[in-house]
Amino acid sequence: MEIVARSTNPLTLKTDCLVVAVTADKKFSPTTASIDKACDGLISRRLEGKDISGECGSTLMLHEPAGISAKRLLLVGTGSKTLSTQEFLKIARSVAKLTKSDAIASVATTLAEVEASDQDVRWTAQQLAQQFGEASYAFNGGKPPVASKLKLKKVTLLCSDRKTQSAAQAGLNYGEAVAIGVNQARLLGDLAANTCTPSYLAKYSRALARKQSKLSCQVLSEKQMADLGMGSLLSVTAGTEEPAHLIALDYKGGKKGARPIVLVGKGVTFDSGGISLKPGGKMDEMKYDMCGAASVLGVMEALATADLPINVIGVVPAVENMPSGKATKPGDVVTSMSGQTIEVLNTDAEGRLILCDALTYVARYKPDTVIDIATLTGACIVALGSHASGLYSNDDDLAKDLLDAGQSSGDRAWQMPLWDEYNQQLKTNFADMGNIGGAGGGSITAACFLSRFTKDYRWAHLDIAGTAWLSAGPKGATGRPVPLLMEYLRNRASA
Ligand code: BES
Ligand code: MN
Ligand code: ZN
C-alpha cells in the first residue's frame with residue numbers, strides 16, 4: 001500500500017473513494033463546501049435528510065456521486081467543536097475500516113485539514129497513515145504471512161498547498177513506520193506459544209538485524225547468564241525444556257557516543273504460573289505474556305524504518321514459565337545479578353524475576369534512560385482496565401514525557417505511585433525481599449520490586465497487562481505501547 005500527500009483538486013481526482021469531513025452545523029471547510037457545490041448540494045441534502053447526523057464518528061457512504069470524478073463519497077462527521085486526539089483517532093480508525101473492501105483499490109481524503117486539539121497537519125497525516133497501516137493487519141493463522149490480500153493499494157492525502165503537503169508527507173512516512181512496528185508486535189503476540197518460543201524470538205531478532213544495517217543483535221545463552229549471576233532470571237526457566245535467551249538489539253541512528261535509551265521488554269513466551277499453576281480458564285492468553293518483548297522488537301523495526309536519529313537498545317529476556325520436577329518452588333531463595341536475594345513466594349510472579357536481572361544487566365550500556373515494558377500484573381487490569389497502561393517512574397520529567405507521548409499518540413498511560421509504604425510490603429524474614437507484596441496494590445508492589453534494581457539510572461516501567469491484547473471482540477494483540485514509545489522517541493530525537 002502506497003500512501004502519499006498531494007495538492008491536487010479533489011473534484012477531478014479519479015479515485016474509488018473520496019473521504020470528506022462534514023459537520024453537524026453544516027459550517028463546512030472550503031474543500032467540503034466546494035465538493036458539496038460540485039455535487040449540487042448532495043452533502044447538505046443528506047445532512048438535512050438525517051442520513052448522517054454529522055456528529056463525531058457518524059459516517060455515510062454515497063455511491064456514484066454526480067459532479068465529481070470519485071466513484072464513491074464517504075462522508076465522515078466531525079461534530080462541530082475541535083476534535084480531541086481520541087476523537088480524531090476514532091474517525092481515522094473507522095475510515096480505514098470502512099474503506100477496507102474488495103471494491104476499493106484507491107482512497108483519497110481531505111481529512112488532513114481536520115483540526116484536532118493542538119495538533120498540526122504532520123500529526124494528522126501520521127495518525128491517518130498509522131490507522132490505514134494497522135487496518136491492513138491480517139493474522140494468517142500462524143502460517144508465514146502471504147502477500148497482502150488487501151485490495152487497497154493507494155491512499156492519497158489531499159493538501160491545500162505545497163507547504164502543507166511536505167509536512168503531511170513527513171507525518172505519513174512516520175505513521176507508516178509506526179504501523180509496521182505495531183503490526184509486527186501484534187503478529188508476534190498473536191503467534192501460538194509453541195511457535196513463538198524464546199528461541200523463535202532470538203532467531204527473529206537476529207534476522208531483523210541482518211535486514212537493517214543500523215541494527216545489530218547479540219544473544220546470551222543460559223550458560224552466559226549463569227556466568228553473569230542471573231540467578232533470578234534462571235529460576236524462572238528452571239522448569240521448562242525450552243532454553244532461555246537474553247536478546248539485545250542495538251540501533252545506532254544517533255550521534256556516536258550519545259548515551260542510549262534502553263527498552264527492556266518482558267518476554268515470557270508462555271506463563272503457566274509454574275508450580276503456582278494458574279487456573280485453566282483463559283490460560284491460553286498467557287501466550288501474550290511476551291507482548292512487552294514484542295513491543296520492543298516492533299519499536300526497533302519501526303526506528304530503523306523511520307531512520308530516527310537516536311541511539312536505542314532493545315533488550316528482551318525471553319523465557320517460558322513451566323512447572324516440572326526441576327521447577328523453582330514457592331519458598332525457594334534465589335540470588336539476583338545485583339546480589340540482592342529474593343524469596344520466590346509465588347512462581348507466578350515471574351515477570352519481575354526476569355526483569356530485575358535484565359535491568360541490572362543494562363547498566364553496562366550507561367543508559368540515558370531505561371524503560372521496561374511488561375504484561376506484569378492482573379492487578380493493573382483491575383486498576384486501569386484496558387484503556388491505559390500503568391506508568392511508574394523514579395523521575396518526574398520522564399514520567400511527564402511518557403504521559404505526554406501517550407496523550408498525543410492516543411496510546412495513553414496513567415501514573416501510579418512508588419511510595420515507600422508499598423515498598424515495605426515486599427519484606428520477608430528469609431531474603432532481602434519476597435517476590436510478591438501481599439494483598440492490595442499488586443501492580444504497585446510489582447513496580448516497587450523493579451525499582452530496587454534501577455537505582456543507578458533514570459527509569460520508567462509500563463505495566464501493559466490490560467492494554468497489550470484484547471480478550472474479545474475479536475481477541476488479538478493491540479501492538480500497544482508501540483505508538484506511545486515511538487512518540488516519546490521522536491520527541492527525544494528532535495529535542
Ligand atoms: N503475566 C501475569 C500477569 C497477567 C495476568 C497479565 C493476566 C495479563 C493478564 C503475571 O506473570 C502474573 O501472573 N502475575 C500475578 C502476580 C501475583 C502472583 C502476585 C498476577 O497478576 O496474578
Ligand atoms: Mn505469572
Ligand atoms: Zn507473567
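This text leads through a predicted model, taking its sheets and helices in turn and ending with some details of the backbone.

A sheet is held together in a simple way. Strands of a sheet pair through backbone hydrogen bonds, either parallel or antiparallel. The N-terminal part of the chain contributes to an open sheet of six strands, and their order across the sheet is β1-β6-β5-β2-β4-β3. The pairing in this sheet is mixed. At the edges stand β1 (residues 2-6) and β3 (residues 59-63), each of which pairs on one side only. Direction ignored, neighbouring strands here are turned by 20° against each other on average.

At the β1 edge, the partner strand is β6 (residues 154-158); the two run parallel and are joined by five bridges. Within this pair, Glu 2 stands opposite Lys 154 of β6. Two helices can be placed against the sheet. Helix α1 (residues 30-38) packs on it and touches β2 (17-22) and β4 (72-77). The direction of α1 makes about 120° with that of β2. Helix α5 (residues 162-190) lies across β1 and β6, and runs at about 165° to β1.

Helix α5 also meets another helix. Two packed helices are described by the angle between their axes and the distance between the axes. For α5 and α9 (residues 291-306), the axes come within 8 Å and cross at roughly 150°. An angle over 145 degrees counts as roughly antiparallel, so α5 is roughly antiparallel to α9. Their crossing is right-handed. On the α5 side, the residues in contact include Tyr 174, Ala 177, Val 178 and Ile 180. On the α9 side, they include Cys 291, Ala 294, Ser 295 and Leu 297.

Further along the chain is an open sheet of three strands, in the order β12-β13-β17 and with mixed pairing. Its edge strands are β12 (332-335) and β17 (433-434), and each of them pairs on one side only. Strand β13 (residues 341-344) pairs with β17 in the parallel sense over two bridges. Glu 343 has Gly 434 of β17 as its bridge partner.

The next strand to consider is β15 (residues 389-393). Is β15 largely enclosed or exposed? Five of its five residues are buried, so the strand is largely enclosed by the rest of the structure. The cut-off behind this step is that buried means under 20% relative accessible area. Ser 389, Leu 391 and Ser 393 point one way from β15, while Gly 390 and Tyr 392 point the other way. Residues on both sides of the strand are buried.

Strand β15 has two pairings to describe. With β16 (residues 413-415), β15 pairs in the parallel sense over three bridges, and Leu 391 has Gln 415 of β16 as its bridge partner. Between these two strands the chain passes through helix α12 (residues 396-409), making a right-handed β-α-β crossover. With β18 (residues 459-463), β15 pairs in the antiparallel sense over four bridges. There, Gly 390 has Asp 463 of β18 as its bridge partner.

The crossover helix leads on to a second helix pair. The axes of α12 and α15 (residues 482-494) come within 8 Å and cross at roughly 120°. That angle makes α12 oblique to α15. The crossing is right-handed. Among the residues in contact are Leu 398, Asp 401 and Leu 402 of α12, together with Pro 483 and Leu 484 of α15.

Some details of the backbone remain. Most residues other than glycine have a negative phi, and most peptide bonds are trans. Where are the cis peptide bonds described here? One joins Gly 473 and Pro 474, with omega about -20°. Pro 474 lies in the loop between β19 (469-470) and β20 (476-477). Another cis peptide bond joins Arg 480 and Pro 481, with omega about 0°. Pro 481 belongs to the loop between β20 and α15.

Positive phi values occur at Lys 26, where phi is near 60°, and at Asp 40, where phi is also near 60°. Lys 26 lies in the loop between β2 and α1, and Asp 40 in the loop between α1 and α2 (42-48). Lys 26 is partly exposed, with a relative accessible area of 35%. Asp 40 counts as exposed, at 62% relative accessibility.

Notes
Residues numbered from 1 in each chain as written. Chains lettered and ligands numbered in written order. Predicted model: local features only at pLDDT ≥ 70, side-chain atom pairs only at ≥ 80, totals over all residues. Heavy atoms only, no water. Buried < 20%, exposed > 50% of the residue type's maximum accessible area, 1.4 Å probe, protein only. Pairing = 2+ DSSP bridges. Right-handed = clockwise from strand over helix to strand, strands pointing away. Axes fitted to C-alpha atoms, helices over the stretch in contact; angles between N-to-C directions. Parallel < 35°, antiparallel > 145°, perpendicular 65-115°, else oblique. Left-handed = near helix turned anticlockwise from the far one by under 90°. Contact = heavy atoms within 4.5 Å.
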